[in-house]
Structure formats: C-alpha cells, structure tokens
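Colleague: Please show me the model. What percentage of the residues in the chain do buried residues make up?

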Amino acid sequence: MINMSLATAIHHSRHASAPADHAGHIRQIETVHDLFAGRYEAVTTVGETFTDAVLGIGVAEGVDGEIIHVDGVTWRIPADGVPERAPADLGMPFAVAAYGGTPIIRDIPSGATMTEITTIVDGVLAEENLHHDYLVAAVRVTGDFSHVLLRSEHGQTPPYQPLGSPGSVTGEVRFDLAPWTGTLAGFRFPDVADDIVIPGLHLHAIARDHDSGGHCHELTVDQAHVQVWIDDVEVDVPGLPAAA
Ligand SMILES: [Zn+2]
C-alpha cells in the first residue's frame, strides 16, 4: 500500500520549494512494508544503486549485513561486525541513495545524540522554509564520538522470517564502541510512520579505520559536523508503477 503522506511529500519535494542550488536527488528502492514483510530477495544491486551516489544505505540480500555507501565505496557489515567492501553485483532487497546536490554544513555540539542531530537537520530545513514531514534529507555525520551503539544481524536463507515490525529485528547483533571515529550516512525521513519509509533519522556507520560499522542505534558526539542535502525523493518499487 502506498501511503498518501509520503506521496504528498514526494509531490512537495519535486514540485515545490527545494532550492535549486541545493538540488539533489534521492532514490529509494522498495518499500519498508515489503522489507518488514520478509521480502529479502534482491531487487537491485550495489552497482546499480550506488555507482553514482553521494551516499546511501541498504541491507544485503537475505538481511546478510548492513550496507553503507560513502566516499565512493560501498561497505557491507555482516553479523561479525567486520566491514567488507561490497562487490558491484551484491544484491539488496532495500536501498536508499542520494545523488548530486550541495550540502549545508553545521557543527554539532559535544554531547549531542541522535535527537540533537535530528534537531539540527530540522533547523537547516526550517531555514529553507521546509518541514521535515514533507521531504527526505540526506545526512552525513563525520567526526569523533565518545560512544556509538551499532548493529548488524545474522543473515537468513529462504524461507525468510519476517522482521515483524520496525525495531524487532531477528538475529540482531549489537556493537558497543567507545570511543569511535568515523562517518555515518543516511537520511532524515518524515516522522510519519507509514509503510514506505522508516521514520526519523536513519544512519549507517563506517569507522575511519574500516574496522567497525553497522546500523546506528545510538551515538554521542565528541566533535563532529553534519552535512545536510535537501533533496528530491523518488520511491522505486520494482514490479509496480512509479509511486508518484
Ligand atoms: Zn539501518
């Protein structure tokens, strides 16, 4: 089911006031509904989705690792927590990527958590007369962190077990790292809980030394900055007509 809230957001971001000098483009492959329904078969590949991307996040086929694309390299972080370079032919059931655009940069105060970073991103949007419930922003956070809580999950083989609902991940493995230095990349989605996007700030992480990474549950900033791309968004559901 395509929920109208994001359809409205897509319409807004495509046709309304996203400023041309920041204009980029975000593409999401597959809906969250299908992901949480246990559809973990690949619908795209790392090469197809990330070759030209500024940044991106995803999950590997069979939920066999978290995916982050940043600085021209795609990493897969499997359940052992050790990142590997993801080959171009690696399949993904779900991915979101940002292309082009010019980021707006803000410092993040020491001690900030995901909540404060979300507030900073929303402030950037507000300065552009945009509201976070009506578009998707691409976000990159780079720096030193006094603590991060990351996760991956054990891969599955068919028949796949549905995740059930956002947050209740089967086979989750957590990595509690302190201190940690690296980059987090992802998206500030609308807060609306629909079947298309995962609401709120969704970041994946890769350490500067490439020794750790994963989906970010929690972080505490030591010193870092955030880059925000105010972008156009398109949801591409393979096998269905375009969502907007
Ligand atoms: Zn994630």
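Modeller: A residue is buried if 20 or more other C-beta atoms lie within 10 Å of its own, exposed if 12 or fewer, and partly exposed in between, with C-beta atoms placed from the backbone. Residues are numbered from 1 along each chain as its sequence is written. The model is predicted, so local features are reported at pLDDT of at least 70 and side-chain atom pairs at pLDDT 80 or more, whereas totals for chains, interfaces and linings use all residues. Of the 244 residues in the chain, the buried share is 44%.

Colleague: What is the mean pLDDT of the chain?

Modeller: pLDDT is the predictor's confidence in each residue, from 0 to 100. Residues 1-21 stay under 50 throughout, and the pLDDT over residues 240-244 is also below 50. Even so, 81% of the residues reach 70 or more, and the mean is 84.

Colleague: How many strands does the chain have?

Modeller: Helices (H or I, at least four residues) and strands (E, at least two) are DSSP runs, numbered from the N terminus. The secondary structure comprises four helices, and the number of strands is 14.

Colleague: What percentage of the contacts with a separation of 6 or more comes from residues 24 or more positions apart?

Modeller: Two residues are in contact if their C-beta atoms, placed from the backbone, lie within 7 Å. Among contacts with a separation of 6 or more, the share from residues 24 or more positions apart is 78%.

Colleague: Is strand 4 buried or exposed?

Modeller: Strand 4 covers residues 66-70. In a regular strand the side chains alternate between the two faces of the sheet. Here Glu-66, Ile-68 and Val-70 lie on one side and Ile-67 and His-69 on the other, with both faces covered. Because five of its five residues meet the criterion, strand 4 is largely enclosed by the rest of the structure, that is, buried.

Colleague: Which residue of strand 5 stands opposite Ile-67?

Modeller: Two strands pair if DSSP finds at least two bridges between them. Strand 4 runs antiparallel to strand 3 with five bridges, Ile-57 standing opposite Ile-68. Strand 4 is likewise joined by five bridges to strand 5 (residues 73-77), again antiparallel. In that second pairing, the residue opposite Ile-67 is Arg-76.

Colleague: Which residue in the turn between strand 4 and strand 5 has a positive phi?

Modeller: The hairpin of strand 3 and strand 4 has six residues between the strands, and Gly-62 in its turn has a positive phi of about 70°. The hairpin of strand 4 and strand 5 has two residues between the strands, and the positive phi of about 55° in its turn belongs to Asp-71.

Colleague: Val-63 and Asn-129 both lie in loops; is Asn-129 buried or exposed?

Modeller: Most residues other than glycine have a negative phi, and most peptide bonds are trans. Val-63, between strand 3 and strand 4, has a positive phi of about 45° and is buried because it has 24 C-beta neighbours inside 10 Å. Asn-129, between helix 4 (114-127) and strand 10, has a positive phi of about 60°. Since 9 C-beta neighbours lie inside 10 Å, Asn-129 counts as exposed.

Colleague: Which residue follows Ala-178 through a cis peptide bond?

Modeller: Strand 10 (residues 136-153) is antiparallel to strand 12 (residues 180-189), with nine bridges, and to strand 11 (residues 172-177), with six. Val-141 stands opposite Leu-184 in strand 12, while Leu-150 has Phe-175 as its partner in strand 11. In the loop between strand 11 and strand 12 lies Pro-179. The cis bond, with omega near -10°, runs from Ala-178 to Pro-179.

Colleague: How many residues are in the largest nonpolar core?

Modeller: A nonpolar core is a set of buried Ala, Val, Leu, Ile, Met, Phe, Trp, Tyr and Cys residues joined through C-beta atoms within 7 Å. Val-139, with Ala-98, Ala-137 and Ala-138, has the most contacts inside the largest core. Beyond four places in sequence, the contacts of Val-139 include Val-121, Phe-187, Leu-201 and Val-226. The size of the largest core, in residues, is 64.

Colleague: How far apart in space are Val-121 and Arg-188, C-alpha to C-alpha?

Modeller: Val-121 belongs to helix 4 and is buried because 24 C-beta neighbours lie inside 10 Å. Its contacts beyond four places in sequence are Ala-137, Val-139, Arg-188, Val-226 and Val-228. Although 67 residues separate Val-121 from Arg-188 in sequence, their C-alpha separation is 7.7 Å.
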